[in-house]
Amino acid sequence: MSASELPPQPAADARPGRAWRPFALTAPALILLVAVIGYPLFTIVVRSLSEPEWGVQNYVWFFGAPINLTVLQRTFTISAWVTIVCVICAYPYAYLMTAVGPRVRLVLVLCVLIPFWVSGVVRTLSWVILLQDSGVINSLLRSAGFDGIRLIRTQTGVVIGMAQVLLPFMILPLYSVMKGIDLRLMRAAQSLGARPSRAFFTVYLPLSLPGVYAGAIIVFILALGFYITPALLGGPRSTMLSTLVQTQVLSLLQWGRGGAMGVVLLVTTFVLLALAAPVMRSRYREAGRR
Amino acid sequence: MEIKPLTRVILGLVCLLVAIWLVAPTLVVVPMSFNENKSLAFPPQGFSWQWYQNFFTNPDWSSSFLNSLKVASVVAVLATALGTLAAFGLDRMKAGPANLLRMLMLTPMVVPGVVLAIGIYAVYLDTHLVGTLLGFVLAHTILALPFVLIAVSASLEVFDRRLETAAASLGAGALTAFRTVTLPLILPGILSGLLFAFATSFDEIVVSLFITNPYLKTLPVQIFSSITRDADPTVAAVGTILLFATTLLIGGGMLLLGRERKGRQ
């Protein structure tokens, strides 16, 4: 580790000529980063362009086969639904977190964090138990005299499970923005004659939008790459891109095709991040200025 | 802000439902783990401890549990060391390069799991790291690094660097100043980084699924393959054990922290 090469001199990093020291401190992490993330991703890009032979044939295949486009579109649709469900559920919840006393707030925060206490796989197992045909929801429905509904191996089931896993990533940024909103603005709007609903839509909602954007982007991006939940809760008609990548590589040994899919997923993720970054930053600044 | 009583009731109900939706799935494994039949159908029948017994006696389960403990412990130490060093480096850099490097080091959080997994799998196949402890440790460390970096950076941000200058002016060397002034003040950040790193590794599944082999499995891999293979309630028993262990750890930690804070006041 290069950090041990630092000379054991007295505090001197303010002196000129020591500018390399901070870089030396980050070096071990960077080396590991390049070796375990950079190089593997590079390998995948190369394989997508070189297997079985050099060229873009894997990308031509990907965008030419209807099944792939269906799955790509479905991945976006499911991620969009998950994001919408998360926004709808998180908004009132985060608002309540800002409006209650410290004790109730602690309970609400714990409810958000408890899902993190159990491992992700176990949480997905719980959803299998809940959603399966002989599961909790269906046995409750049947004992109430209704017909059972099919949830597992459907897109609805996948969305329900994924949204629950991702909800905390929506609630927390939303809460941190809402916490900073000055509620006296609402009172001011009402004292000027606005009805509560109008005060909400013209004052509170615009001020809370930066939190919605931040949370929605995080949830959407994480949802795009989801693998475990769709693999366990979904069926053939709810396959997402990640599962397709896994099938190509592990079952069909098509590294080129699987790699091309992976690169598409990777590029999509980073393009979305790059698009979102300036929007989010300027919105935050706006919120801070007001 | 004035809220009408009706709006207030609706808001409360919606939030109650969301809270149930968040928490209930976590608890549903508990009744299932005492099922008498080898089935995950609801409602569970009868009462038995056999799945807990199976977890501790079946080598598939106990060895994967031990592997996870081993890997996660090494990862926690390694990621915390690398992440803390890097956080210090970034803290002492100019804003430009620091922001760029920070973004780079946070990429493991946003790269889709499967893409990273096939990349690492490809490299591991060439370097014979598939199914080795070293392979797991390296992959998990890089995934845990961002969490350490965020936690330590956050506590460095509120750390007043003039304290180090003060220590130096009183004759302390760089190492002494670090050990007696800086370290105690940023220790909470480092410890929470350690905890996050452990949890990240203990919980990691996607990359693990690719770099595992029949001889070396971690607990999440074993759980996943058990769920996909058959309806074995042992997974519910494991889930329950993990749930109680974490609750004890976090509850104990919160109690300790609360007591310490009270003691200081």
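A salt bridge here is a side-chain nitrogen of Lys or Arg within 4 Å of a carboxyl oxygen of Asp or Glu. Keep that in mind as we walk through this model, which is a predicted one. Arg150(A) and Asp133(A) fit the bill, with their closest N and O atoms 2.8 Å apart. This pair ties together distant parts of the chain: Arg150(A) sits in the loop between helix H6 (136–143) and H7 of chain A, while Asp133(A) lies in the loop between H5 and H6, 17 residues apart. Asp133(A) has a relative accessible area of 37%, so it counts as partly exposed.

How many salt bridges does the structure hold over all chains? The count is nine. Another of them joins Asp182(A) to Arg184(A), again with 2.8 Å between the closest N and O atoms. Asp182(A) is partly exposed because its relative accessible area is 32%, whereas Arg184(A), at 56%, is exposed.

Then there's Arg47(A), which pairs with Glu51(A) at a closest N to O distance of 4.0 Å. Arg47(A) has 14% relative accessibility and so counts as buried, but Glu51(A), with 30%, is partly exposed. These two also belong to a network of salt bridges that brings in Asp126(B) from the other chain letter.

Now back to helix H5 of chain A, residues 120–131. Its twelve residues reach 17 Å from the first C-alpha to the last, close to the 16 Å expected at 1.5 Å a residue. Is H5(A) mostly enclosed or open? Eleven of its twelve residues are buried, so the rest of the structure largely encloses this helix. The buried set includes Arg123(A), Thr124(A) and Ser126(A), along with Trp127(A) and hydrophobic names such as Val121(A), Leu125(A) and Ile129(A).

For a contrast, look at the surface. Leu113(A), Phe116(A), Phe169(A), Leu172(A) and Ile218(A) make a nonpolar patch of about 370 Å². Helices H4 (102–117) and H7 (155–179) of chain A each supply at least two of the patch residues. Leu113(A) belongs to H4, and its 32% relative accessibility makes it partly exposed.

Last stop, the cysteines. With a disulfide taken as two cysteine sulfurs within 2.5 Å, the count over all chains is zero. For Cys89(A), the nearest cysteine sulfur is that of Cys86(A), 7.2 Å away. Cys15(B) is unpaired too, its nearest cysteine sulfur being that of Cys89(A) at 9.7 Å. Cys89(A) is buried at 16% relative accessibility, and Cys15(B) is buried at 3%.

Definitions and conventions
Residues are numbered from 1 along each chain as its sequence is written. Chains are lettered from A and ligands numbered from 1 in the order in which they are written. This is a predicted model: local features need pLDDT of at least 70, side-chain atom pairs count only at pLDDT 80 or more; totals for chains, interfaces and linings use all residues. Side-chain values use heavy atoms; hydrogens and water are left out. Helices (H or I, at least four residues) and strands (E, at least two) are DSSP runs, numbered from the N terminus. The expected span of a helix is 1.5 Å times one less than its number of residues. Buried means under 20% relative accessible area, exposed over 50%, partly exposed in between (1.4 Å probe, protein chains only). Patches are made of residues with over 30% relative accessible area and no salt bridge: like charges are joined within 9 Å, nonpolar side chains (Val, Leu, Ile, Met, Phe, Trp, Tyr) within 5 Å. Accessible areas come from the Shrake-Rupley method with a 1.4 Å probe; for residues, only the protein chains shown count as cover.
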